[in-house]
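Student: I am new to this structure and should be grateful for a close look at a single part of it. Please take me through that part in one connected account.

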Amino acid sequence: MYHEHGHFGPPPQWFIKRRGLKYLILYLLSSKGPMTGAQIIDEIERLSMGFWRPSPGSVYPALEELETDGLIKVARVEGTKKYYEITESGKAFIGLPSIDKTTAAVNDFISLARYIIDNWDTLSETDRNRVRDVLRDLIKTANIQC
């Protein structure tokens, strides 16, 4: 996701703290597509690298309020699971351009790659080799001559 501060990736911590849970839910639905409440909780925990796992008691009321306000809607129901998606009103509300899932995946990849580069010295040799394997596949797929 492109942000006004000039980069792609997850929203910065100041965005999360200033805007709150409802904005973060809208951001996730905008960038990841339809998600259940449980998936939203898991994704927030992943984005915060385990530092924050919002409770169901905060996420589900936020989802209900966002739905009442017309900013999200139920995309589909599978058994007891409701999958929520952001509406055009929700996209306009957060002021972020809508992007497709492939672009969102590339944006996430770039953010994570930069994190790995910044922390290369702390990676185990096993993880370094795993990263090298993926890089070889990318170079081959992109037909890059090294």
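Tutor: A residue is called buried under 20% relative accessible area, exposed over 50% and partly exposed in between (1.4 Å probe, protein chains only). The model is predicted, with local features needing pLDDT (confidence per residue, 0 to 100) of at least 70 and side-chain atom pairs 80 or more, while totals for chains, interfaces and linings use all residues. Residues are numbered from 1 along each chain as its sequence is written, and side-chain values use heavy atoms, without hydrogens and water.

The part chosen is helix H4, residues 56–68; helices (H or I, at least four residues) and strands (E, at least two) are DSSP runs numbered from the N terminus. The 13 residues of H4 should span 18 Å at 1.5 Å a residue (taken times one less than their number), and its end C-alpha atoms, 18 Å apart, agree with this.

Four residues of H4 are buried: Val59, Ala62, Leu63 and Leu66. Viewed down the axis of H4, they lie within an arc of 105 degrees (by directions from the axis to the C-beta atoms), so they line one face of the helix. The face of H4 turned away from that buried side bears Gly57, Glu64 and Thr68, which are exposed.

Among the elements covering the buried residues of H4, by contact (heavy atoms within 4.5 Å), are helices H2 (21–32) and H3 (37–47), together with strands S1 (72–78) and S2. Strand S2, residues 81–86, has the highest confidence in the protein, at a mean of 96; the protein as a whole has a mean pLDDT of 84, with 84% of its residues reaching 70 or more. Just after H4, Gly70 adopts a positive phi of about 80 degrees.
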